[in-house]
Amino acid sequence: MEYLFRNKLFYQLIIVGLLIISGYNSLYGQTDSTRFIPTIPDSSANVLFPVSQEPIKIDTIYTIDESFENTATFTARDSIYADIRKNRIYLYGDAKVHYTDIDLTADYIEIDMEKHEILATYTYDADSNKVGVPNIKMDGQEMEVGKIRLNYETKKAFIQEVKIKQDENFLYMDVAKRQENEEIHFKKGRFTTCDLPEPHYHFQLSKAILIPEKRIVSGAMNVWIKNVPTPIGFPFAIIPQKKENDRTHGFIFPQIAPQSPMGMGLQNLGYFIPFNDTIQTTFMASGYSRGSWDLSNMTSYKIRYKFSGSTRVSFQQLRQSFPSKSRSNKLSVNWTHTQDTKANPYWNFSAKVNFVSDNNSKNNIDPLNSNYFNNTFNSDINLRRFFPGKPVTMGLKIALSQNTSTQNLMLTLPTFTTNVTRFYPFKVFRKSKIGSVKWYEQIGMTYDLEAKNMSTFKDSLLQSGNFRAIGQSFFNGINQNATLQTTIPLFGNTWKLTPSVTYRNIINFQQIRKEYDTATSNLLYDTIGKAGMANQLTTNFQLTTVVYSYYRFVGKKEPLLRHVLTPSFGYRFIPMLDNTFNYVNADNKSVAYSPYERSLYTVSATKNQSILNFSLNNTFELKKKSDKDTLTGYKKTRIIDAFTISGSYDMLKDSMKLSDITFDLRISPAKFINFVARSFFSPYSWNDSTGKTTKEWALTDRNKLGRVTYLDLNTIFTITSKENQEKINQNKELFSQYWNSDLQFYALHPEMFLDFDIPWKVNLGHIFSVNTNQAKTANNPDKYNLTHTITVNGDISITKRWKITTTAYYDIKSKTITNLKIDLVRDMHCWRMSVNWIPIGFNKSFLVTIMGTSKLFSSAKYSIRKPPELLF
């Protein structure tokens, strides 16, 4: 049913009532109000009064009243009843009213036109369940209420059992009153982020005022858990309300460390500031009672279709526990910047900076330090210039490489590069576009130039501020390469010959001089700052082909094995073009050497080189019939992705002309398995006492083919169900849509994300590496240097809400677990509790964290932690 009414509806009903009494007096002779049910209960009728058994047709009602400005509509599923004497309208069953900006739905609605009020409430069904709980939308705000009495002119309202939802937040009010200025005054309120009808927790508000799109101001407030009050509370509270497209800023709750080697402290107390849609920043601070503290800032920025990035700057002062009084300062800088490919067709700027001032990844007051096992930190800033339509690219780069094992830093400041991709210089001699292509027109040319200024120095120079020594350690030079290359088909295009000529020009600004000191019997090196040029000409021929072999087996599915062999044979000749220097050794013999052996661009060859090289690459694929494949009817399985054998032979060497034979193997029999192996095999004999390789053949000296000097086996298993693997891929696509740095990490490593929808997954890694010890001593008598470890990373859901994750590193050689991390996570619907324990390893620590899962309380964490010991 639909009914239209306007302001001053009372007068309109009087007019209509007089028309009814005069026109249909015989039908309605009774004076008391009676409720009638329409003849067709499933349809609606436009009525102003109870209907009879015979439908009454009313086409149009004409009134003259210029004060009627607003139109209202209402409908009901069961019936609509109008009481003319009391000037009221009653709506029964799925009732709806729309008036100006008011939208009201309920199972029962009563309209009082004299008082300009609307009463709405729910009813009960046969099982005493609530039916048609009122829902009202007004002034851009939506509320679910138990009962409401609203003045539709002043918009004042008396409300009971209110429920308001905004984003992830829910506000319940026992009794409330809406004022003309849209403020809502209420008592016995409940504020929570839990969406259950009976929330797991809530903040109980005694008396409060809701100011839409601004704030909630409350008196005494305390926390209730499962409807049980707790002593945790505040004398008053101000809860900000988020406007549409508004940015929320505020404090970040700290994490508490009641006991640690640094004393008691607070971790990550912060304040979040979203300046605009482009940039947002967070300031964090940590402090401990024994003097260690940390200040940091994290900033993210993004301009659509231009660039995006994030920075993190942290300064820590670390102090050892009593009785030691040593302290150290640590500065960490992280910066990532990516320019959109469509932003500028000519210029591109990118940066990836990961710098730590003390060159130590283990010194950190954060027990969840993600860089704990990192041995290298690499930073680079790149600026590139493109020339659209031309094969030229220029670049400028600043780079820093830190190695915590060797305690060395390698600083490149700067590197200038120019690269010219392949072009065909001899095509300019072609006079006509008609005709076949000449052989010389297929000769392509490439060119690249690199100018570098680089220094390698100890990290102690940077920590002590000895920048003069760092500046004196810089080496610089220029390296240029120009290559002419073409491809010639042979034997009906079954073989391809690729000849090439490469000219290399090197300019170094530092040289060395060698001199043998007879007094000390030592060879002396003297570095001089003098520019010098070296030239190198390389002629290379490469011959390749592809051989296909098929092996058919007997069977129901007619399996067919395909073997693809790709042999490659090459020859390289490098003549000695430059003059060498000489020194006289202890035997009074002249020894030639290159003055650029220790320069930035080294040149170590002192004679001609004539080298033959070879490689054999093999792949094996099995093909068999399959009913699941509806396109081809066959299923292909790659048995061996690649098996390569390679080596070289230098014809001009005096001895040991044959190089070590290299074997490479890569197998991926399934999506969850990846196996990679590499081995070096030496055909020469060796010294038992020192382990060094000698120039004699092992076959003649020891009656053996040789020995394996290096072997590396690396296996990775990702074990989970097919459905879980699909969920991991979905998470990867989801995280890729966000520009937050934390989510970008999970986009690159989706298997590391803890998802309760994935009941289990396990990542197993096996590393076996052995190399021959060719420097045996009394302190190092082992024949081989062995590395044999197993890594386990996985999680499993014990129940629907409990999940345990484990990361372990096991050294098989020492039969010990070198590092173990155990995480126990409990999903409490609206909160999450995690226990992070590292019982084994140098970074032993313990952390218990309770945090909210909603965005509002994502930074509200309560943590009990024991950070690891500091290492200076």
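**Exercise 1. Describe the surface and the overall make-up of the protein chain in this predicted model.**

Step 1. Start with the surface: the protein chain exposes about 51300 Å², and 56% of that area is supplied by carbon and sulfur atoms.

Step 2. Turn to burial. The protein chain has 872 residues, of which 34% count as buried.

Step 3. List the secondary structure: six helices and 55 strands.

Step 4. Consider the contacts with a separation of 6 or more. Residues 24 or more positions apart account for 49% of them.

**Exercise 2. Place Ala-106 in the chain, decide whether Ala-106 is buried or exposed, and list contacts of this residue.**

Step 1. Find the element: Ala-106 belongs to strand S5, which covers residues 102-112.

Step 2. Apply the cut-off for burial, which is under 20% relative accessible area. Ala-106 has 5% relative accessibility and therefore counts as buried.

Step 3. Set aside the neighbours within four places in sequence. Ala-106 is then in contact with Asp-94, Ala-95, Ala-120, Thr-121, Gly-132 and Pro-134.

Step 4. Add a C-alpha distance. Lys-96 is ten residues from Ala-106 along the chain, and the C-alpha atoms of the two are separated by 6.7 Å.

**Exercise 3. State how many salt bridges the whole structure has, and work out which strands are tied together by Arg-149 with Glu-117 and by Glu-161 with Lys-130.**

Step 1. Take the total: a search of the whole structure finds 17 salt bridges.

Step 2. Examine Arg-149 and Glu-117. Their closest N and O atoms are 3.3 Å apart, and the two residues form a salt bridge. Arg-149 is in strand S11 (residues 147-151) and Glu-117 is in strand S6 (residues 117-121), so this pair ties together parts 32 residues apart in sequence.

Step 3. Check the accessibility of Arg-149: at 36% relative accessibility, this residue counts as partly exposed.

Step 4. Examine Glu-161 and Lys-130, which form a salt bridge with the closest N and O atoms 3.4 Å apart. Strand S12 (residues 157-166) holds Glu-161 and strand S8 (residues 130-131) holds Lys-130, so the pair ties together parts that are 31 residues apart in sequence.

Step 5. Compare each partner with the cut-offs. Glu-161 has a relative accessible area of 38% and is partly exposed; Lys-130, at 46% relative accessibility, also counts as partly exposed.

**Exercise 4. Analyse the salt bridge between Arg-638 and Glu-621, then name the network that contains both residues.**

Step 1. Give the distance: the closest N and O atoms of Arg-638 and Glu-621 are 3.7 Å apart.

Step 2. Locate the partners. Arg-638 lies in strand S43 (residues 634-650) and Glu-621 in strand S42 (residues 609-625); the pair, 17 residues apart, links distant parts of the chain.

Step 3. Classify each residue. Arg-638 counts as partly exposed at 36% relative accessibility, whereas Glu-621 counts as buried at 16%.

Step 4. Widen the view: a network of salt bridges links Arg-562, Glu-621, Arg-638 and Asp-641.

**Exercise 5. Identify the lysines that gather with Lys-557 in a patch of positive charge, and describe the place of Lys-557.**

Step 1. Name the members: Lys-556, Lys-557, Lys-628, Lys-635 and Lys-722 gather in this patch on the surface.

Step 2. Locate Lys-557, which is in the loop between strand S38 (547-552) and strand S39 (560-574).

Step 3. Classify this lysine. Its relative accessibility is 46%, so Lys-557 counts as partly exposed.

Conventions: Residues numbered from 1 in each chain as written. Predicted model: local features only at pLDDT ≥ 70, side-chain atom pairs only at ≥ 80, totals over all residues. Heavy atoms only, no water. Patch = residues over 30% accessible without salt bridge, like charges linked within 9 Å, V, L, I, M, F, W, Y side chains within 5 Å. Areas by Shrake-Rupley, 256 points an atom, 1.4 Å probe, with all protein chains shown as cover. Salt bridge = Lys/Arg side-chain N within 4 Å of Asp/Glu carboxyl O. Lys, Arg positive; Asp, Glu negative; His and termini not counted. Charge placed at Lys NZ, Arg CZ, Asp CG, Glu CD. Helix = DSSP H or I, 4+ residues; strand = E, 2+ residues; numbered from the N terminus. Buried < 20%, exposed > 50% of the residue type's maximum accessible area, 1.4 Å probe, protein only. Contact = heavy atoms within 4.5 Å.
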